[in-house]
Amino acid sequence: MALFTTAALLLHLVEALLPPLLPFAPGAKMGLSNVVTLLAMVLLSYTDAYLVLLLRCFLGSVFAGNVSSLLYSLPAGVISLTVQLLLYHFLYRFLSVMSISFAGAAVHNAVQVAVASFTVQTNLSLMLPFMLLASVIAGLFVGIVAFFVIKYLPKKFYIDDYKKRPGKEPK
């Protein structure tokens with residue numbers, strides 16, 4: 001858990017130094033730390049994935065010096081991880097890790113736009129198409145990286161009950 005949390009936090013902090021993914025979509029990032037959360041979901045347990053997410057959101061906002069970002073990242077992260085967990089648990093036989101990652105990225109950006117609209121008391125739904133475009137890029141990238149890590153990571157690094165989990169092999 002500590003290794004996953006540290007890796008997610010480091011990726012989050014490095015990404016905070018990079019410019020937005022799309023110049024016309026402020027705040028749109030690649031979501032590199034989501035690779036670690038997705039891996040925690042598949043390789044560890046669902047509870048561990050939530051803990052990695054929560055610790056990364058909290059510590060990332062503190063270390064990056066932007067505690068107000070927690071207002072956006074926490075609800076979006078929790079809701080998008082919940083969607084990913086449900087897709088993984090119930091539909092993994094039909095969906096790839098990339099499609100689950102894309103769905104999580106799309107939900108994440110939609111929730112962030114909703115939170116921003118509520119916070120500033122202005123309808124920001126016009127930003128949603130741009131944020132969803134960023135979701136396509138980020139979600140597929142995160143999904144592809146997670147796919148290859150899962151595919152080539154020796155099974156001895158998986159949790160003991162991975163055979164009981166859906167989708168023993170990634171698509």
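# A walk through a six-helix model

In helix α2, the buried residues are Ser33, Val35, Val36, Thr37, Leu38, Leu39, Ala40, Met41, Val42 and Leu43. The structure described here is a predicted model. Helix α2 is a useful place to enter it: 10 of its 11 residues are buried, so the helix is largely enclosed by the rest of the structure. The cover over these buried residues includes α1, α3, α4, α5 and α6.

With that helix in view, the overall plan can be set out. The protein has six helices and zero strands. Read from the N terminus, its elements follow the order α-α-α-α-α-α. The protein has 171 residues, of which 42% count as buried. Among contacts with a separation of 6 or more, 70% are between residues 24 or more positions apart.

The next step is the nonpolar interior. In soluble globular proteins, nonpolar side chains tend to be buried together. The largest nonpolar core of this model has 27 residues, and Phe4, Leu39 and Met41 are the members that touch the most others. Two or more residues come from each of α1 (2-16), α2, α3 (46-63), α4 (70-91), α5 and α6. The biggest share is that of α2, which gives eight residues.

Leu39 shows how one residue of α2 meets other parts of the chain. Leaving out residues up to four places away in sequence, Leu39 touches Phe4, Leu44, Ala146, Val149 and Ile150. Phe4 is also one of the three core members with the most contacts to other members.

Ser33 belongs to α2 as well, a helix that covers residues 33-43. The relative accessible area of Ser33 is 3%, and the limit for a buried residue is under 20%, so Ser33 counts as buried. With residues up to four places away in sequence left out, Ser33 touches Ala8, Leu11, His12, Glu15 and Arg56.

Val42, another buried residue of α2, leads on to helix α4. His89 is located in α4. Along the chain, His89 and Val42 are 47 residues apart, while their C-alpha atoms are separated by 9.8 Å. His89 has a relative accessibility of 37% and therefore counts as partly exposed.

Helix α4 also leads to α5 through a second pair of residues. Val111 sits in helix α5, and with a relative accessibility of 14% it counts as buried. When neighbours within four places in sequence are set aside, Val111 is in contact with Pro75, Ala76 and Ile79. For Val111 and Ile79, a chain separation of 32 residues goes with a C-alpha separation of 7.8 Å.

Helix α5 can be checked for its length. It runs over residues 97-120, and at 1.5 Å a residue its 24 residues should span 34 Å; the C-alpha atoms at its ends are 34 Å apart, which agrees.

What follows α5 in the chain, and what is the sign of its phi? The residue is Gln121, with a positive phi near 55°. Most residues other than glycine have a negative phi, and most peptide bonds are trans. Gln121 has its positive value although it is a residue other than glycine. Gln121 is placed in the loop between α5 and α6. Its relative accessible area is 64%, and a residue over 50% counts as exposed, so Gln121 is exposed.

Beyond that loop, the chain enters helix α6, residues 128-152, whose axis comes within 7 Å of that of α5 and crosses it at roughly 145°. The crossing of α5 and α6 is right-handed. The contact between these two helices has 18 nonpolar, five polar and no charged residues.

Asn109 gives a view of the two helices from the α5 side. This residue lies in α5 and has a relative accessibility of 10%, so it counts as buried. Apart from neighbours within four places in sequence, Asn109 is in contact with Leu128, Met131, Ala134 and Ser135. Leu133, in helix α6, is 24 residues from Asn109 in sequence and 9.8 Å from it in space, C-alpha to C-alpha. Is Leu133 buried, exposed or partly exposed? Leu133 is partly exposed, because its relative accessible area is 41%.

How values were computed:
Residues numbered from 1 in each chain as written. Predicted model: local features only at pLDDT ≥ 70, side-chain atom pairs only at ≥ 80, totals over all residues. Heavy atoms only, no water. Helix = DSSP H or I, 4+ residues; strand = E, 2+ residues; numbered from the N terminus. Buried < 20%, exposed > 50% of the residue type's maximum accessible area, 1.4 Å probe, protein only. Contact = heavy atoms within 4.5 Å. Expected span 1.5 Å × (residues − 1). Axes fitted to C-alpha atoms, helices over the stretch in contact; angles between N-to-C directions. Left-handed = near helix turned anticlockwise from the far one by under 90°. Nonpolar A, V, L, I, M, F, W, Y, C, P; charged D, E, K, R; others polar. Core = buried A, V, L, I, M, F, W, Y, C linked by side-chain atoms within 4.5 Å.
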